[in-house]
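Colleague: I am new to this structure and would be grateful for a close look at a single part of it. Please begin with one charged residue and its partner, and then place that pair in its wider setting.

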Amino acid sequence: LHEYWGPKWKEYYNPLVGALLQRAEVKIIKRPKIVITPTEMIASKIRHIRPDVRALYLGIRVEEYLKYRSKEKIYDIAAVGRFVPYKGWDILLDELAKIKERLNVILIGDGPLYGKIAETARKLHHNIEIVRRATEGQKLAALGKAKFYVNMSTGEGFSISTLEAIAVGAYPIVYAADGYNA
């Protein structure tokens, strides 16, 4: 089990659909003979459903990412994720608004909040580039040219993008949200 959403389903969808998906998630967790998670944090979230869950720590092969590291840091901040409420884009944009120094920022993602995010970003005094459909290589190249990687998600149990950012040389800043972020 890569991630556990539990009550977060209701934030991603509406309360009714979220409740149905939360129930389905519980049924899925109960079904297999064994459940393995990538972190102890995720395992602890589902032990009330499945006490025999085990954490098997995963990672990435850093050598595959080294070619994307760059000494030229053209972005002060990079962020990657689907443009949906729980990913914390509103939090990131609110915090960027408070920073007086003009920053070069790249946001990589797409989703239902694209219009709202793009409109808010245009109003800020920073140089903000939004890339909606980046290939994996384009995403990693951008992260490699960033000083900081920001993940403001309120429910990121095991963030591959954060690990990738670290592997390509961007310093991570991760939002600590109610015990749902590893």
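Modeller: Glutamate 11 counts as partly exposed, because its relative accessibility is 41%, which lies between the limits of 20% for buried and 50% for exposed. Please bear in mind throughout that the model is predicted. The partner of glutamate 11 is lysine 8: the two form a salt bridge in which the closest N and O atoms are 3.3 Å apart. Lysine 8 has a relative accessibility of 7% and therefore counts as buried. The pair thus joins a buried lysine to a partly exposed glutamate.

This salt bridge belongs to a count of 10 in the protein. Another is formed by arginine 133 and aspartate 110, with 3.4 Å between the closest N and O atoms. That pair links distant parts of the chain, as its members are 23 residues apart: arginine 133 sits in the loop between S5 and H6, and aspartate 110 in the loop between S4 and H5. Arginine 133 counts as exposed because its relative accessibility is 64%, whereas aspartate 110, at 18%, is buried. Aspartate 110 and arginine 133 are also part of a network of salt bridges that includes Arg132.

A further example lies within one helix. The side chains of lysine 123 and glutamate 119 meet in a salt bridge, with an N to O distance of 3.3 Å. Both residues belong to helix H5, where they are 4 residues apart, about one turn of the helix. Lysine 123 has a relative accessible area of 65% and is therefore exposed; glutamate 119, at 41%, counts as partly exposed.

The setting of these pairs may now be described. The protein has 7 helices and 7 strands, and along the sequence they follow the pattern α-α-β-α-β-β-α-β-α-β-α-β-α-β. Of its 182 residues, 45% count as buried. Its C-alpha atoms fill a box of roughly 50 × 40 × 25 Å along the principal axes. The radius of gyration is 18 Å, which agrees with the value near 16 Å for a compact globule of 182 residues. When contacts between residues at least 6 apart in sequence are considered, 63% of them join residues at least 24 apart.

Two helices show how elements from several parts of the chain provide cover. In helix H4, residues 89-98, the buried residues include Trp89, Ile91, Leu92, Leu93 and Leu96. Their cover includes strands S3, S4, S5 and S6 together with helix H5, the helix that holds lysine 123 and glutamate 119. In helix H7, residues 160-167, the buried residues are Ser161, Thr162, Glu164, Ala165 and Ala167. S3 and S6 are again among the elements that cover them, along with helix H6 and strand S7. Just after H7, glycine 169 takes a positive phi of about 100°.

The loops also contain buried polar residues. Histidine 126 lies in the loop between H5 and S5 and counts as buried, because its relative accessibility is 5%. Its side chain reaches the backbone nitrogen of leucine 103 at 3.0 Å. Beyond residues up to four places away in sequence, histidine 126 touches Leu96, Ile99, Glu101, Arg102 and Leu103; of these, Leu96 is one of the buried residues of H4.

Serine 70 offers a second case, in the loop between strands S2 and S3. At 19% relative accessibility, serine 70 is under the limit of 20% and so counts as buried. The side chain of serine 70 reaches the backbone oxygen of glutamate 72 at 3.1 Å. Apart from neighbours within four places in sequence, serine 70 is in contact with Gly144, Lys145 and Val168.

The surface completes the picture. The protein exposes about 10,300 Å², of which carbon and sulfur atoms supply 56%. A nonpolar patch on the surface is formed by Ile34, Ile36, Leu56 and Leu58, whose accessible area together is about 380 Å². Leucine 56, a member of this patch, lies in the loop between S2 and S3, which also contains serine 70. Finally, isoleucine 28 in helix H2 is a nonpolar residue that counts as exposed, because its relative accessible area is 57%. Its C-alpha atom is separated by 27 Å from that of leucine 163, which is 135 residues away along the chain.

How values were computed. Residues numbered from 1 in each chain as written. Predicted model: local features only at pLDDT ≥ 70, side-chain atom pairs only at ≥ 80, totals over all residues. Heavy atoms only, no water. Helix = DSSP H or I, 4+ residues; strand = E, 2+ residues; numbered from the N terminus. Buried < 20%, exposed > 50% of the residue type's maximum accessible area, 1.4 Å probe, protein only. Polar contact = N/O pair within 3.5 Å; in protein donor to acceptor, adjacent residues only side chain to side chain. Contact = heavy atoms within 4.5 Å. Patch = residues over 30% accessible without salt bridge, like charges linked within 9 Å, V, L, I, M, F, W, Y side chains within 5 Å. Areas by Shrake-Rupley, 256 points an atom, 1.4 Å probe, with all protein chains shown as cover. Salt bridge = Lys/Arg side-chain N within 4 Å of Asp/Glu carboxyl O. Rg over C-alpha atoms; globule rule 2.2 N^0.38 Å.
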